[in-house]
Amino acid sequence: SSDCMWDIVRSVCVRSCDQVYLLDTIVQSSSQICTANSMCVFNKSEALNHQCEARCQYRYNNEASCSMDPECIWDTFNTRCSADCTLQTTTSSCLANTMCQWTTNTGVCTRLCRYRYTTA
């Protein structure tokens, strides 16, 4: 991957999400540096050099590539790649994706049935 990427939110060139671990300092952790860029998401369960990565909507621009990534789901309503429902940890982030549903008694976000199963 490239060392930098275009930040469409701020209209500037910034360090790529996957390069953030190189900036880890005593003052700021990789997670703080990563999440300072709204185009990046932090995943502490990944290896150090993969903890910060581009959000699914910035990672892929087509359904085929998006669907191949287990962390992502193609949002047919908004025609963009989104984080998979199972990665959503709050009611609001879950319900922001029209393909997801929040189960209150378990506190878990899952795909709606019609998107979970594609065959009879």
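A residue counts as buried under 20% relative accessible area, as exposed over 50%, and as partly exposed in between. By that scale Arg-10, at 48% relative accessibility, is partly exposed, because its value falls between the two cut-offs. The structure discussed here is a predicted model.

Arg-10 is a convenient place to start, since its side chain meets that of Asp-7 in a salt bridge, with an N to O distance of 2.8 Å. Asp-7 has a relative accessible area of 1% and is therefore buried. The pair thus joins a buried acid to a partly exposed base.

How many salt bridges does a search of the whole structure find? There are 5. Arg-59 takes part in a bridge with Glu-53, where the closest N and O atoms are 3.4 Å apart. Glu-53 has 18% relative accessibility, so it counts as buried, while Arg-59, with a relative accessible area of 24%, is partly exposed. Arg-59 also forms a salt bridge with Glu-71, and here the closest N and O atoms are 3.2 Å apart. Glu-71 sits in the loop between helix H3 (63-68) and strand S5 (72-75), and Arg-59 belongs to helix H2 (residues 56-59), so this contact ties together parts that are 12 residues apart in sequence. Glu-71 is buried as well, because its relative accessibility is 17%. Through shared partners, salt bridges join Glu-53, Arg-59, Asp-69 and Glu-71 into one network.

The nonpolar side chains come next. The largest nonpolar core has 10 residues, namely Met-5, Val-14, Cys-17, Val-20, Ile-33, Cys-34, Met-39, Cys-40, Cys-52 and Ala-54. Helix H1 (30-35) and strand S4 (52-54) are the elements that give two or more residues to this core. Another core, of 6 residues, lies apart from it; among its members are Cys-94, Met-99, Cys-100 and Cys-109.

Two residues of that second core, Cys-100 and Cys-109, fall within a pair of strands, S7 (residues 100-103) and S8 (residues 108-111). In which sense do S7 and S8 pair, parallel or antiparallel? Their pairing is antiparallel and runs over 4 bridges. Within this pairing, Gln-101 stands opposite Thr-110 in S8. The two strands form a hairpin with 4 residues between them. In the turn, Gly-107 has a positive phi of about 65 degrees.

How values were computed
Residues are numbered from 1 along each chain as its sequence is written. This is a predicted model: local features need pLDDT of at least 70, side-chain atom pairs count only at pLDDT 80 or more; totals for chains, interfaces and linings use all residues. Side-chain values use heavy atoms; hydrogens and water are left out. Two strands pair if DSSP finds at least two bridges between them. A salt bridge is a side-chain nitrogen of Lys or Arg within 4 Å of a carboxyl oxygen of Asp or Glu. Buried means under 20% relative accessible area, exposed over 50%, partly exposed in between (1.4 Å probe, protein chains only). A nonpolar core is a set of buried Ala, Val, Leu, Ile, Met, Phe, Trp, Tyr and Cys residues joined through side-chain atoms within 4.5 Å.
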